[in-house]
Amino acid sequence: MKSEFKKSSVRSTFGKALLSVAVVIAAAPVAFAQTPATAATANRVVGTVTAVGTGVLTVKTDAGVERKVTVPEGIKLQRIAPGEKDLSKAATIQFTDLAVGDRVLVRLAPEPTSDPVTAISLVAIPQADLAQKQQKDREEWQRNGVGGLVKSVDAGTGLVVITSGAGPTQKTITLHTTPATTLRRYAADSVDFNEAKPAPLEVIKAGDQLRARGTKSADGLDVAAVEVVSGSFRNISGTIASINQADSTLTLKDLLTKQNVTVHVGQDAQMRKLPDAMAKVLASMTKPGDAGAAGNGGSGAAGGAGAAGQPRPQYGNGQGGNGQAGNGQSGTGQAAGGDAGNGRRGGDLQSMLSRAPAIHLSDLQKGDAVMLVSTQGTSEVTAVTLLAGVEPLLQAPASTQNMLLSNWNMSSGGAEAAQ
C-alpha cells in the first residue's frame, strides 16, 4: 500500500509538470483583435498566409481551411501592429509586401462565394512583428506570471486563491480580478492558448490548473490580475499495455485506478522522452536524503553546481543551473545536475522537461512507462502531452519538498497569443 501511495504521489506531481511543458512548447499565432468594425463583418477571412502568387493569396483560416483569395489592384492594403485595435494607426502597404506567415484579415466581396473569393480590403500583421510580440509576451508572463492549482473561487469579490509548489515550499497566492481582467478557458482537449476562449470567473473551479499575470505584491502572494487562463485536465501515469499504430492509440494501465485507459495520440500531441541521466536526476529530487544537495545545486545525482544570477543554459551543453557546471566538464549529467540544483523553483524543473528530446508514437513500445496530461475521461482520453523514459520516477520514493510543479510556466501572451 505504501509503495502504491508513493507512486501515485509521483504521478500526480510530475503530471502537473507535464502540463507546464505542454504550454511551454506550444506557440500559437497572434490573432486579430475583435474591433467593432471587424466583428460586424461576416464576409471575411482571418488566418495565416501560406502562399503568395500573382495577385492571389492562399490563406489558412483559424479553422484549418485553406482559402484562395484574389487581391485586385487598387484595393486598400494595410499593415497593423499585433494587438492594435485602432485601424487609423494602420500603414498602407503594397501587395508585394505580403509574405508567407503573415496574419491577415480579408474583407470579401459578396461575389463570388466559392474560391477563389475576391478581397475588397486587407489588413496584415507581418510575421516578424508577430514573433517580436510573442517574445515580448513570453517575457512578460515569465516576469509577472504566477501559476498553480485553484484552491477556491469567489465570483462575488473576484478573488481566486491558488496553491503553488508542494511540500515545505508550497505557498498560497490570492489573485484579485476585476471586470477589466481578461479571463480565458482552455479547450477541453488543448493547451494551445489560441484555442482558449473567453469565459466568466464562475467556470473556474477548485483543482483547475491556472496561470495569471499582473502586478505582484512585494512578497508575491497577492496579484492584481491583468490576464488569467485556466483549464481542467487529467494526469495519468502507467505502463503501456498495447499500441495500435494504425489507429494512433495506445492502451495504458493507470497506476492509480488500476484500470486500462485507451489514449488517442493525435498529431498535435506533444511527446518527449527523458534521457536516462535526466530521469535519474528528477528521481533523486524526490528522495528526502538528496533534497539538500539537489536543492542547493550540489553534486546530487549528476554533480552540476550552479552560480545564481547567471542565465540558465540549454540542457546538455555542459553548463548547469544558472551558471557553469561545478567541475567544468561537459555532458548531459552536469547540465541535468545544474538544473536540479535549482529544482525548488518549478520553472527550472519544467525547463528541464521541455528540453527532453521529442518522440513519436512509433518510438514507444509495450511495457514502457509513461506519464501524460490528457483530456478528461474515464476509459478513453486524448493525449495532450506524453512523457516517456519515466521508469526511475515511478520507482523512486515520493517526496515533493523541493518541487514547485503546480506552476504553469506558460510562454506568452496569454502565453501563446496576443489578442
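# Exercises around strand β17

Let's start with a pairing: β17 and strand β22 (residues 380–388) run parallel and are joined by three bridges. Two strands count as paired if DSSP finds at least two bridges between them. Strands here are DSSP runs of E with at least two residues, helices are runs of H or I with at least four, and both are numbered from the N terminus.

This is a predicted model, so local features need pLDDT of at least 70 and side-chain atom pairs count only at pLDDT 80 or more, while totals for chains, interfaces and linings use all residues. Residues are numbered from 1 along each chain as its sequence is written, and side-chain values use heavy atoms, with hydrogens and water left out.

## Exercise 1: the neighbours of β17

Find the sense in which β16 and β17 pair, and the residue that stands opposite V261.

*Solution.*
- Step 1. Look at strand β16 (residues 249–254): β16 pairs with β17 in the antiparallel sense, over five bridges.
- Step 2. Go to V261 in β17, and you'll find L252 opposite.
- Step 3. Now check the link between the two strands. β16 and β17 make a hairpin, with five residues between them.
- Step 4. Stop at K258 in that loop: its phi is positive, about 65 degrees, although K258 is not a glycine. K258 counts as partly exposed because its relative accessible area is 41%.
- Step 5. Turn to β22, where V381 is the bridge partner of V263.

## Exercise 2: two faces of one strand

Sort the side chains of β17 by the face they point to, and say which face is buried.

*Solution.*
- Step 1. Recall the general pattern: side chains in a regular strand alternate between the two faces of the sheet.
- Step 2. Set the cut-offs. Buried means under 20% relative accessible area, exposed means over 50%, and partly exposed is in between (1.4 Å probe, protein chains only).
- Step 3. Walk along residues 260–264. V261 and V263 point to one face and are buried; N260, T262 and H264 point to the other and are not.

## Exercise 3: the two ends of β16

Compare what sits just before β16 with what D254 does within that strand.

*Solution.*
- Step 1. Begin with S248, in the loop between β15 (234–244) and β16. S248 is another non-glycine residue with a positive phi, near 55 degrees. At 30% relative accessibility, S248 is partly exposed.
- Step 2. Move on to D254, which belongs to β16. With a relative accessible area of 3%, D254 is buried.
- Step 3. See what the D254 side chain reaches: one of its polar atoms lies 2.9 Å from the backbone nitrogen of L256.

## Exercise 4: salt bridges

How many salt bridges does the model have, and which residues share a network?

*Solution.*
- Step 1. Apply the rule: a side-chain nitrogen of Lys or Arg within 4 Å of a carboxyl oxygen of Asp or Glu. The count comes to eleven.
- Step 2. Take E140 and R213, whose side chains meet at 3.8 Å, N to O. This pair ties distant parts of the chain together: E140 is in helix α3 (residues 127–144) and R213 in strand β13 (residues 209–216), 73 residues apart.
- Step 3. Next up, D208 and R185 meet at 2.7 Å, N to O. D208 lies in the loop between β12 (197–198) and β13, R185 in strand β11 (residues 182–185), 23 residues apart. Both D208 and R185 are buried.
- Step 4. Then there's D276 with K280, at 3.0 Å. These two are about one helical turn from each other because they are four residues apart in helix α4 (residues 276–284). K280 is partly exposed at 47%.
- Step 5. Finally, the network: shared partners join E140, R143, R184, R213 and E227.

## Exercise 5: how far to trust it

Decide which stretches you'd read with care, using pLDDT, the predictor's confidence in each residue from 0 to 100.

*Solution.*
- Step 1. Get the overall numbers: the chain has a mean pLDDT of 74, and 66% of its residues reach 70 or more.
- Step 2. Find a weak stretch. Residues 24–31 have pLDDT below 50, yet this stretch has 30 contacts in the model beyond near neighbours in sequence. A contact means heavy atoms within 4.5 Å.
- Step 3. Add residues 33–41, where pLDDT also stays under 50.
- Step 4. Draw the lesson: where pLDDT is low, the predicted coordinates should not be read in detail.

Methods
Polar contact = N/O pair within 3.5 Å; in protein donor to acceptor, adjacent residues only side chain to side chain.
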